[in-house]
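Student: I would like to go through how to read burial and helix packing in a model. Can we take one case step by step?

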Amino acid sequence: MLAILLAVAVLDPEQAGSSLRFVVDALVSTAPYLAASIAIAAYAGATGADALVARAFSGRIGAMIFLAALFGGLSPFCSCGVIPLIAALLAMGVPLAPVMAFWLASPVIDPAQFVLTAGTIGTEFAVAKTAAAVGLGLFGGFGTLWLGRAGFLSDPLRPGVGNGGCGGAKMRNPKPPVWAFWNEPERIAKFRAEGMKATLFLVKWLALAFLLESLMLVWLPAETVAAAVGGEGLWPIVVATLVGVPAYLNGYAALPLVSGLMAQGMAPGAGLSFLVAGGVSSLPAAIAVFALVKRPVFALYLGFALSGSLIAGIAFQAIQ
């Protein structure tokens, strides 16, 4: 972060100050999510309640994937805002498959964005985007489950992030929780340690993600990216997916842009692929994902985002 800020300060001193303010403002706006996830993770670790949370995600994992994808499609989290919750779930030992389902579905759409999408582009498009979110979650969740049962992804987290695995140590060695942890000095110390560890981890990676976001907003405007995906046929859908994956895209700001391009002849499938891919795996969000999991899982996440967005766009275009 310091290297990036120094380089920007040399090239564009005014932008360095603007980016720094953007990072601070973004962290402040996500502070409620950060505080809640940190407190939950620390409390769960200090009391031993993380074993109960992990066990709640075990058993009928297929049903859990369905619920995670459905809840993800209806939740009000953005691609970066969902990271603290994902970190807490993985650290508690929740299996990767339902987490992946929620992770992929959550950033695509939320209730407020559904209403705005319906008003800007149309109800059919809003319904298609919601279906794409849930479908992407199911695609990623069951794909992850299959790979896990085939012997892959047995240890998805980076060292020091948590001990999730496929079930996690919290599930393998369950102990009764102690809800009033403040009565035991050792548990108080663990609460503080877990809270500090989660705070440092989340803040440093989210700060880097927001810094990159601030630069992309200035140097890679959404208008420029969206203009590159116009046209009809299959190829614009492919281009829209490839461009949407790395490009930062604010779901609300992009809607009028995509609506205008569709009015000028852009394929609806390309518009859907662009919005889905941009929402679920923008570069700032990908950086945050990279901080949590090992490289094979990170590559799998991007692969699901890329292929799922492409499939959603092709399917939507086919029914037009």
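Student: Is Thr241 buried or exposed?

Tutor: This is a predicted model. Thr241 has a relative accessible area of 2%, and because the cut-off for buried is under 20%, Thr241 counts as buried.

Student: Where does Thr241 lie, and which residues is Thr241 in contact with, leaving aside its neighbours within four places in sequence?

Tutor: Thr241 belongs to helix 13, residues 234-244. Apart from those neighbours, the contacts of Thr241 are Ser273, Ala277, Leu306, Ser309 and Leu310.

Student: What describes a pair of packed helices?

Tutor: Two values serve for packed helices: the angle between the axes and the distance between them. Here, take helix 15 (residues 268-280) and helix 17 (residues 295-318), whose axes come within 7 Å and cross at roughly 160°. Angles over 145 degrees count as roughly antiparallel, so helix 15 is roughly antiparallel to helix 17. The crossing of helix 15 with helix 17 is right-handed.

Student: Which residues make the contact between helix 15 and helix 17?

Tutor: Helix 15 contributes Pro268, Gly269, Leu272, Ser273, Val276, Ala277 and Val280. From helix 17 come Tyr301, Ala305, Ser309, Leu310, Ala312, Gly313, Phe316 and Gln317. Ten residues of this contact are nonpolar, five are polar and none is charged.

Student: What is the relative accessible area of Ala277, and how far is Ala277 from Leu104 in space?

Tutor: Ala277, in helix 15, is buried, with a relative accessible area of 0%. Its C-alpha is 9.9 Å from that of Leu104, although Ala277 and Leu104 are 173 residues apart in sequence.

Notes:
Residues numbered from 1 in each chain as written. Predicted model: local features only at pLDDT ≥ 70, side-chain atom pairs only at ≥ 80, totals over all residues. Heavy atoms only, no water. Helix = DSSP H or I, 4+ residues; strand = E, 2+ residues; numbered from the N terminus. Buried < 20%, exposed > 50% of the residue type's maximum accessible area, 1.4 Å probe, protein only. Contact = heavy atoms within 4.5 Å. Axes fitted to C-alpha atoms, helices over the stretch in contact; angles between N-to-C directions. Parallel < 35°, antiparallel > 145°, perpendicular 65-115°, else oblique. Left-handed = near helix turned anticlockwise from the far one by under 90°. Nonpolar A, V, L, I, M, F, W, Y, C, P; charged D, E, K, R; others polar.
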